[in-house]
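Grab a pencil and work through these exercises at your own pace. Each one has a task and then a solution in steps.

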Amino acid sequence: MDYLQIVGGNKLRGKVTISGAKNAALPLIAATIIAKDSVQITNLPNVRDIKTLLKLLDNLGARYEHAKSAATIDTSTITSTKATYDIVRTMRASILVLGPLLARFGHCEVSLPGGCAIGQRPIDLHLRALEQMGADISIKGGYVHAKAPQGLRGATIIFDKITVTGTENILMAAALAKGKTTIINAAKEPEVVQLCQILQNSGVDIEGIGSDEITIFGSEGELLPMETISVIPDRIEAGTYLCAGAITNSTITIDKVIPAHIESILVKLQQMGFGLEIGDSNITISPARRIEPIEIVTSEYPGFPTDMQAQFMALALLANGTSIIEERLFENRFMHVAELRRFGANIQLKGNIATVIGPTELYGADVMATDLRASSALVLAALAAQGTSNVHRIYHLDRGYENLESKLNALGAQVTRLQEH
Ligand code: UD1
């Protein structure tokens, strides 16, 4: 197993290029299941979750060629509609094949994703919505068995909670369904918007893109002619590198971003006192004269993303005063707190609210990554800490950050990937 050894205290400088968004690429790869011909996807991040989903498609019988940041996927050869436990358990987002498989083949079996480190994360909303579209769903032996022999039909879906992958699953199912589907309380994340645009470019009429009410006019089972897709930039990777600049008191530029996608993150950095120069597709962050404490409440887009909560907690350790961070999306997304304390952090936890008392002198420590974004918070703290830190279990990081150590080292950090004995 690999770990990262980080010598803290280095100033960063220069420019880092942001990769394509993992969370946009995953539904787009799943959407190739309902494509008429093979589809090329470019600006793919070279991270493990992408390889996992491609492997899942391969298991179903699809063919693909994958070179670094592009893949061509041909799903015309799919022979199986069973997404097996061994893959789904490694990545919850595998559930994204449920909607498209059911819409195209009229039946499928997808392993239940099961528990997850950051909370229960059920899929009841996905299943209920598909039932409303005429699917017959049962759970047997740890698998979701879904059938719709007559095909799916349009329906009005009201999501009780805003769900990103739930909205994406229903968008893909509705694209091939018979008639009109309206999703009320839909997710508005940029990744959802890109999926809508790709479906629309493929001939599906969609109204309300980017709003919380989306209407899709299905193709009645006609597969979609999809053109080459270029994945949007990763707003969470962008936010993480801005935090790397901030926590090391450095001036760095992040390139190939869409600033509008990270407005809530930029506002918080500004409130903390950091300088920001915002271009069309790049942002330069510069040090704060005095780092101010912040209040953060995570919420759905365009609110502050839960996927940036841990990184801002690391940053709040250096603030002059008390910061309050409230996690509203996932019930157990504070596992990084115990690890941050190993660097010297003073954080009090009560339910879903963390009180961070700064400023803290951080000292290098051995810490354990617990989930993808928590891991990046530990890397950030290690960059700011005095001395050497070892961040263990970085397979979490490898799921979602492309070339993390080489990108950081190019900025002047001292990060080495080593193997546990
Ligand atoms: C997606 C992102 C993830 C991000 C999250 C919230 C991908 C691949 N992953 O995850 O990085 O942290 O959005 O922005 O895009 N819920 C239910 N029932 C359901 C579905 C969800 O109760 O059927 C709940 C969840 O437990 C959670 C909330 O709804 O409390 C939001 O979850 P959701 O938006 O579905 O997260 P994901 O799509 O899994």
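How do the residues of the lining of the largest cavity divide into nonpolar, polar and charged? Before you start, note that this is a predicted model, where local features need pLDDT of at least 70, side-chain atom pairs count only at pLDDT 80 or more, and totals for chains, interfaces and linings use all residues. Residues are numbered from 1 along each chain as its sequence is written, and side-chain values use heavy atoms, with hydrogens and water left out.

**Solution 1.**
- Step one: get the idea. Rolling a probe the size of a water molecule over the atoms shows where empty space is left. On a 1 Å grid over the protein atoms alone, a cavity is a set of points where a 1.4 Å probe fits but cannot get out, and lining residues have an atom within 4 Å of a point.
- Step two: find the spot. The whole structure has 3 cavities of 30 Å³ or more, and the largest has a volume of about 40 Å³.
- Step three: list the lining, which is A21, N23, E191, D234, R235, I236 and R373.
- Step four: sort them. Ala, Val, Leu, Ile, Met, Phe, Trp, Tyr, Cys and Pro count as nonpolar, Asp, Glu, Lys and Arg as charged, and the others, Gly among them, as polar. You end up with 2 nonpolar, 1 polar and 4 charged.

**Exercise 2.** Work out which residues come nearest to the ligand, and find some of its polar contacts.

**Solution 2.**
- Step one: look at the shell. Of the 18 residues around the ligand (a heavy atom within 4 Å), D124, T163, T165, D307 and L329 come nearest.
- Step two: sort by class, and you get 8 nonpolar, 5 polar and 5 charged residues.
- Step three: check polar contacts (here, pairs of N or O atoms within 3.5 Å). A polar side-chain atom of D124 sits 2.7 Å from a ligand nitrogen. Two ligand oxygen contacts use the backbone: one with L125 at 2.7 Å, and one with P122 at 3.2 Å.
- Step four: see how covered the ligand is. The protein hides 89% of the 740 Å² of accessible area that the ligand has on its own (Shrake-Rupley method, 1.4 Å probe).

**Exercise 3.** Find the salt bridge that R417 forms, and say which parts of the chain the pair links.

**Solution 3.**
- Step one: recall the rule, a side-chain nitrogen of Lys or Arg within 4 Å of a carboxyl oxygen of Asp or Glu. The structure holds 15 such salt bridges.
- Step two: spot the partner, D2, with the closest N and O atoms 2.9 Å apart.
- Step three: place both ends. R417 is in strand 24 (residues 414–419) and D2 in strand 1 (residues 2–7), so the pair links distant parts of the chain, 415 residues apart (strands are DSSP runs of E, at least two residues, numbered from the N terminus).

Terms used
Polar contact = N/O pair within 3.5 Å; in protein donor to acceptor, adjacent residues only side chain to side chain. Helix = DSSP H or I, 4+ residues; strand = E, 2+ residues; numbered from the N terminus. 1 Å grid on protein atoms, 1.4 Å probe; cavity = no way out; pocket = protein on both sides within 12 Å on 5 of 7 lines; lining within 4 Å. Points joined across faces, edges and corners; volume = space filled by probe spheres on them.
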